[in-house]
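Work through the exercises below with the model open. Each task is followed by its solution.

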Amino acid sequence: MRKMVLSLMSVATLALAGCNAPNSSSQSDSGAPASANSTAAAAPVVNEVSGTISLRAGSPQPSATATLVLNLVDVSSTAAGSAPLASSTSPAGSFPQPFKLTFNPAEVKPNDLYVIQAILTDGDRHYTMPIQAPVLAKGSKNDGVAIELVAQQTAAEKILADFKAVQEQLGGMKVSHGTKLETDASRGWQVFRQAGQVQFIRELTDYGKKGFTSTDYAYRNGKPWAIVQQTKSSRDAKPSAIDRAGWSEDGSLVLKQHQVGEDVQVLDTDAAAKLKQQATEILDLATGGKNK
């Protein structure tokens, strides 16, 4: 009898233990697997990208009229020509500055490559991104994205840089000299040639009490492409004004500066045309009409 009572108590103990044991099927209260809920919580829906835009050291701050365009674009080969996923256009302001682009996550293709493109335009000057800014892909940031912009030379700055490069090479060129005495001025010039072609003419013109000009003319294929003229009260005086003019390959006037002291203004188109005419005349005079 004693043995039977002990057996009954053992059965009851095991039954109670079974009721208190955890459910081995790992079901949540909602009936969904716990692992599925964890995955959903770990993958929030992304609907914006953000970060900071800065200028590389040495790049000039844009003017108040500059414009900044931001695009979130799909650069996959299969998406060529497609519209940006998000876009914004605004005055450039100052840098560094934060940015944010909001988009519809339903439009994102998981296997495509997306980047942020920043386009900063300030008159003739453009700023470019030397490094792409990928987003939305595995391993890419969607916040804290760092974009750096670099100022590119304007067409006018490129002409000036090329002009100075030619000036630095004058010592290695063949040089000839000439003079001419006129009623109201005395003129002298140096002609610099390379490979049989006139590359550069430096003309000094003394107008007596009316002043003095020193003019450098640069030529390509027998045509003037850059001119810098200094106007002075006398030969050894500091320039009272400096005019700079330069033309692109298609003949468009792109360098047009009239500088007085530190103030640089736009050179009048008529003044630039006059300088170009002077360049043609001195080339004809200095070469005896051969233009080489």
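## Exercise 1: Ile116 and the cores

Task: in this predicted model, find what Ile116 touches, leaving out residues up to four places away in sequence.

Solution.
- Step 1. List the contacts: Val49, Asn71, Leu72, Phe99, Met129, Ala133, Val135, Val145 and Ile147.
- Step 2. Place Ile116 in a core. The largest nonpolar core has 25 residues, and Ile116 is among those with the most contacts inside it, as are Ile53, Leu72, Leu120, Ile147 and Leu149.
- Step 3. Trace the strands. At least two residues of this core come from each of β1 (48-55), β2 (67-74), β4 (97-102), β5 (114-122), β7 (133-135) and β8 (145-151).
- Step 4. Look beyond this core. Another core, of 16 residues, lies apart from it and includes Tyr217, Tyr219, Leu275 and Ile282.

## Exercise 2: Arg187

Task: decide whether Arg187 is buried or exposed, and find its side-chain polar partner.

Solution.
- Step 1. Locate Arg187: strand β10, residues 186-194.
- Step 2. Apply the cut-off. Buried means under 20% relative accessible area. Arg187 has 18% relative accessibility, so Arg187 counts as buried.
- Step 3. Find the partner. The side chains of Arg187 and Glu182 make a polar contact at 2.9 Å.
- Step 4. Add the surroundings. Beyond four places in sequence, Arg187 touches Gly178, Thr179, Lys180, Glu182, Glu203, Leu204, Thr205, Ile282 and Leu285.
- Step 5. Link to Exercise 1. Ile282, touched by Arg187, belongs to the core of 16 residues.

## Exercise 3: The whole chain

Task: how many helices and strands are there, and what share of residues is buried?

Solution.
- Step 1. The protein has four helices and 16 strands.
- Step 2. Of its 292 residues, 33% are buried.

Definitions and conventions: Residues numbered from 1 in each chain as written. Predicted model: local features only at pLDDT ≥ 70, side-chain atom pairs only at ≥ 80, totals over all residues. Heavy atoms only, no water. Buried < 20%, exposed > 50% of the residue type's maximum accessible area, 1.4 Å probe, protein only. Polar contact = N/O pair within 3.5 Å; in protein donor to acceptor, adjacent residues only side chain to side chain. Contact = heavy atoms within 4.5 Å. Core = buried A, V, L, I, M, F, W, Y, C linked by side-chain atoms within 4.5 Å.
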